[in-house]
Amino acid sequence: MQVRRSPRVNISMPVTVRAEDGRLFDYVSENFSYGGCLMHGAATDVPFAKAGNVNVFVKDMAETYNLPASIVRVSEAGSLALRWAPTTILQEAQIIRVTFGRLDAWHNWADYKPDSLLRSIILILRSILDLLNPATFHQRKPNTVLKGRVIQPVPQKTAVLVRPKAGMLQVLPYLLFATAFGAVPQACAQENPADLPLPSAVRAAPTPSASAIAGSVDPGTTGQGALHVVAPSKSQEPQAAVPAAPASEPVIADSSGNNVAAPVAPELENARTTSWSFKQLRSADTLIMTPWIPIQGLNFGVAPTEVVTAATLSLHGSLSPDMLPAGSGVTIFLNDQFVGVIHPDKANPQFGPLNFPVNPLFFKERNVLTFHFAGQYTLSCGDQTSSVLWAKILGQSTLSITSAPLPPARDLAALPAPFFNDAILTPLRVPFVLSRQSSQHTLEASAVIASWFGALSNYRGASFPVMAQMPPSGNAVLVGPADAIGEYLAGEAPINGPTILEKLNPNDPFGAVLIVTGRTDEDVSSAARSLVFGSSGFPHASRIAAPAVTAAVRHPFDAPAFITRTQPVRIGDLVSLSSLQGYGYVPGTISVPFRTTPDIYTWRDRPLTMHFTVRGPLGTEIDKKRSHVDVSVNGIYLKSVSLAPPSDIPEWLRHFWPDASRAQSASVSIPVWTLYGANTLGFYLEGRPLGRRDCSGMTQDLRMSIDPDSVIDLSRAYHYTTLPNLAYFANSGFPFTRMADLSDTAIVIPASPNEGTDTAFLDLMGMMGAITNYPVSGVSVLHSNAVAENETRNLIVMDTVTGSPAVERFLRGTPYSFSGGTLNYTSSMLLEPFRLLSRSLSSASPTEVATPLRTLNATTSLSDGGAIIERRSPFSNDATMLLMLSENPQGLERLVQTMRDPRMQPTIQGDLSIVNGSHVLATRNLPTYAVGSLPFWFWPDLYLGDHPFRVILLAVIGVGLGVLILFRVLTSHARRRAREIQRDK
């Protein structure tokens with residue numbers, strides 16, 4: 001009787017078996033299981049030795065797996081029963097993939113008749129009868145006769161990486177064209193040589209041992225205290241360490257297996273080298289690795305329009321001096337491809353700059369650079385959680401990539417590429433080419449396109465420098481009617497309506513120009529709307545007649561980036577599921593960004609709620625009592641939740657209870673004052689390992705996660721706040737982003753704007769698009785002398801002539817005025833006590849009350865920046881006016897950059913913020929006004945909450961009214977009694 005420990009899958013496919021002496025045999029498999037396999041083939045002249053070791057080569061699509069096995073049974077007819085003998089986790093994964101990962105492995109698993117009582121009884125009786133029948137044990141399966149294959153010797157090939165020669169770029173388009181039609185042999189991705197198919201007549205060489213991998217220190221390039229692996233030896237015998245070649249020289253292996261420097265080929269044309277620090281790639285200031293956090297890394301992208309020709313990784317950091325160099329270090333991988341190893345040096349624990357050349361073939365569009373830590377401080381096994389095991393990589397480390405551009409494809413179906421690529425995490429820069437006297441419609445169309453790019457770039461940030469001429473290199477966007485940009489339409493067919501086309505940059509054959517044009521200004525606006533709302537359906541062409549697009553009518557507070565307040569919102573709808581996963585004992589902080597308008601009002605400032613569920617590993621792996629998750633909002637700590645589930649079961653009985661990975665749920669109260677426009681919900685997961693003795697292993701592949709069905713509930717909040725408050729505008733564009741398309745907002749610019757003013761205008765529109773995740777398709781542009789007295793829309797004024805009559809008109813009724821480049825502040829000392837009393841009695845949000853504002857001097861210069869002023873519109877009590885004023889266009893650009901700078905943005909507040917270089921002075925001097933509405937039952941809380949003077953005044957009035965009423969009642973009663981007494985007499 002055979003007891004099977006793993007399921008068996010019937011698979012018939014050809015395999016190759018290699019004996020210990022190197023002989024190769026063809027077999028056909030009958031079945032596979034996790035434990036072994038059975039195969040049939042022709043009988044061998046020299047039989048296999050029982051319990052001997054063999055290697056089975058299994059073809060799986062484009063890969064061939066080398067699976068070690070031991071012989072269990074050999075028959076004279078050629079049958080061979082094997083038991084798998086994997087030595088690595090990778091080989092175990094390959095066995096599982098071959099057995100259960102095939103498409104045909106499961107197709108017959110459900111081919112069974114439905115179970116019934118009668119059928120089960122019949123099967124039992126038949127099995128009993130078969131046991132009594134001797135013929136059952138003599139049945140033999142027919143042998144499989146295979147033809148012997150002719151083995152031809154094939155020489156081994158060695159890959160040599162060289163740089164393309166100059167002039168190769170000219171033939172690159174033809175190579176790409178030929179590759180698409182099969183004229184060039186198919187290129188294969190790099191694979192592990194041990195996993196590649198064996199040549200027909202070449203005996204596989206054993207994998208080099210660890211001692212055969214040579215490392216060396218190059219003081220000139222690698223710094224102190226570090227070793228990095230150069231290349232594995234081609235020979236079977238360990239060889240001496242070979243010094244690393246400089247990073248600028250390619251390394252190849254000669255016929256002897258030695259590493260030699262290859263001749264350096266000329267660089268590609270227009271090749272450029274770009275360097276990013278880890279901080280610029282949004283890494284932490286320091287990547288800290290411990291046994292609890294053994295893996296750290298960062299993501300970055302490479303544009304598909306660039307060919308990487310060389311790359312260098314320069315690292316700064318330190319390793320614990322108490323670790324042993326032989327068993328400790330940090331291994332570097334790029335997209336799971338080995339780059340190098342850093343070993344500790346007790347004499348020099350700090351290292352840097354430590355340079356590693358990176359193979360250009362490792363790069364792809366989305367890249368992951370990871371650092372894997374392993375530490376050992378004693379020759380014998382020790383405590384794996386010791387505090388002496390650590391490594392640090394500093395954020396000043398850099399990645400330098402040399403790349404050459406490819407000719408643009410000029411395919412509108414690929415938009416927004418090549419102007420924007422989601423894999424690139426650095427700030428976006430798209431130049432706009434506008435005529436010097438662009439019309440208001442052209443500026444509105446440009447604003448729609450800039451806000452579209454801003455919405456795509458999101459947190460990366462975007463800038464849109466405006467130029468009158470085509471940039472000397474790179475991509476650009478050209479907007480305007482055909483008669484204004486006719487010089488760039490030479491050789492094109494006549495423009496008969498809204499048109500979108502993509503051309504080469506006349507100054508750069510590797511740059512693309514996106515042209516949005518038409519016969520009239522209305523055609524240009526129509527083409528811009530077609531681009532931002534319908535580009536996903538564009539055909540594969542370089543020019544199209546832009547189809548008409550009608551955008552849906554927007555409603556207040558319906559921006560796609562803002563979470564709704566009508567119902568709870570799932571966290572899984574805000575971020576991807578992979579972002580909610582954590583690995584290791586201390587996965588770190590899982591961040592969930594979300595946006596909402598800052599006008600949040602609740603009854604008596606009642607907090608909002610969040611319900612979340614966290615899943616952790618088994619209690620046999622971590623100490624659940626000490627493991628926890630810390631919840632925070634915008635860096636403000638809210639609550640800690642233990643991973644140990646509450647239980648009423650006694651401790652002595654809990655040991656006998658089955659230990660499973662349970663989900664732990666909790667509710668968190670979110671104070672209203674912690675939320676504003678852009679918010680980040682943080683879950684810091686920390687798992688503590690169980691106390692173990694030395695020589696005990698630690699599980700490394702732990703996982704924790706936040707349930708995507710966790711919800712944030714803002715349904716009890718209403719839209720109400722008080723303005724002016726520049727903090728709301730800097731963080732979320734409020735109140736202008738109340739409408740996602742800015743349909744109730746007009747931008748006021750000078751009658752004769754320049755390139756700097758237009759740049760600041762487009763940068764601001766890009767910021768609005770990033771906030772709402774929607775193009776500003778409803779915004780209007782006005783000249784400063786064209787604003788009517790009955791204007792009811794919100795206004796954003798951008799001007800560089802601070803002393804103009806238009807600016808004086810916009811500042812009337814305020815204590816602010818300009819004389820030249822100086823901002824003056826005047827206030828009536830006679831009315832100051834009444835103003836302070838009015839401010840104390842007026843409503844103010846908790847954020848405003850807690851914010852310290854500085855006192856403004858009598859005069860302030862705007863020589864190195866500008867001023868931002870927010871006030872109630874002088875033309876309508878239901879609208880807001882924002883003024884961005886400076887002496888020069890560069891000052892306006894600095895104002896927008898300050899609002900996008902995460903470090904300086906919190907300093908913008910009050911009703912006036914003056915930016916002077918890297919300093920911001922904020923103050924409040926204007927009366928506040930309410931924006932929004934509340935139900936009538938909120939009125940007592942609105943007018944009396946947090947206002948003790950009002951409560952006292954209301955109490956005095958109430959007591960007075962009560963006394964007056966009581967006096968009138970008692971007086972009336974006394975008169976009535978007097979009349980009754982007089983009548984009785």
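Begin by selecting Asp60, which is buried, with a relative accessible area of 9%; here buried means under 20% relative accessible area, exposed means over 50%, and partly exposed lies in between, for a 1.4 Å probe and protein chains only. You are looking at a predicted model, in which local features need pLDDT of at least 70 and side-chain atom pairs count only at pLDDT 80 or more, while totals for chains, interfaces and linings use all residues. Residues are numbered from 1 along each chain as its sequence is written, and side-chain values use heavy atoms, with hydrogens and water left out.

Now add Arg97 to the selection, since Asp60 forms a salt bridge with Arg97, the closest N and O atoms being 2.6 Å apart (a salt bridge is a side-chain nitrogen of Lys or Arg within 4 Å of a carboxyl oxygen of Asp or Glu). Asp60 belongs to strand S5 (residues 53-60) and Arg97 to helix H1 (residues 89-100), so the pair ties together parts that are 37 residues apart in sequence; helices (H or I, at least four residues) and strands (E, at least two) are DSSP runs, numbered from the N terminus. Arg97, at 39% relative accessibility, counts as partly exposed.

Next, select Asp709 and Arg570, which form a salt bridge whose closest N and O atoms are 2.9 Å apart. Asp709 sits in the loop between S39 and strand S40 (711-713), and Arg570 in strand S30 (residues 569-570), so this pair ties together parts that are 139 residues apart in sequence.

From that loop, step back to strand S39 (residues 703-706), which pairs in the antiparallel sense with strand S31 (residues 581-583) over three bridges; two strands pair if DSSP finds at least two bridges between them. Along this pairing, Tyr583 stands opposite Arg703 in S39. Strand S34 (residues 608-615) also runs antiparallel to S39, joined to S39 by two bridges, and the bridge partner of Arg615 in S39 is Ser705.

Then move on to helix H9 (residues 755-772), where 18 residues at 1.5 Å a residue should span 26 Å, in agreement with end C-alpha atoms that are 26 Å apart; the expected span is 1.5 Å times one less than the number of residues. Of the 18 residues of H9, 17 are buried, so the helix is largely enclosed by the rest of the structure. Just after H9, select Asn773, which takes a positive phi of about 60°.

Finally, select Arg366, Asp422 and Arg460, which are linked in a network of salt bridges.
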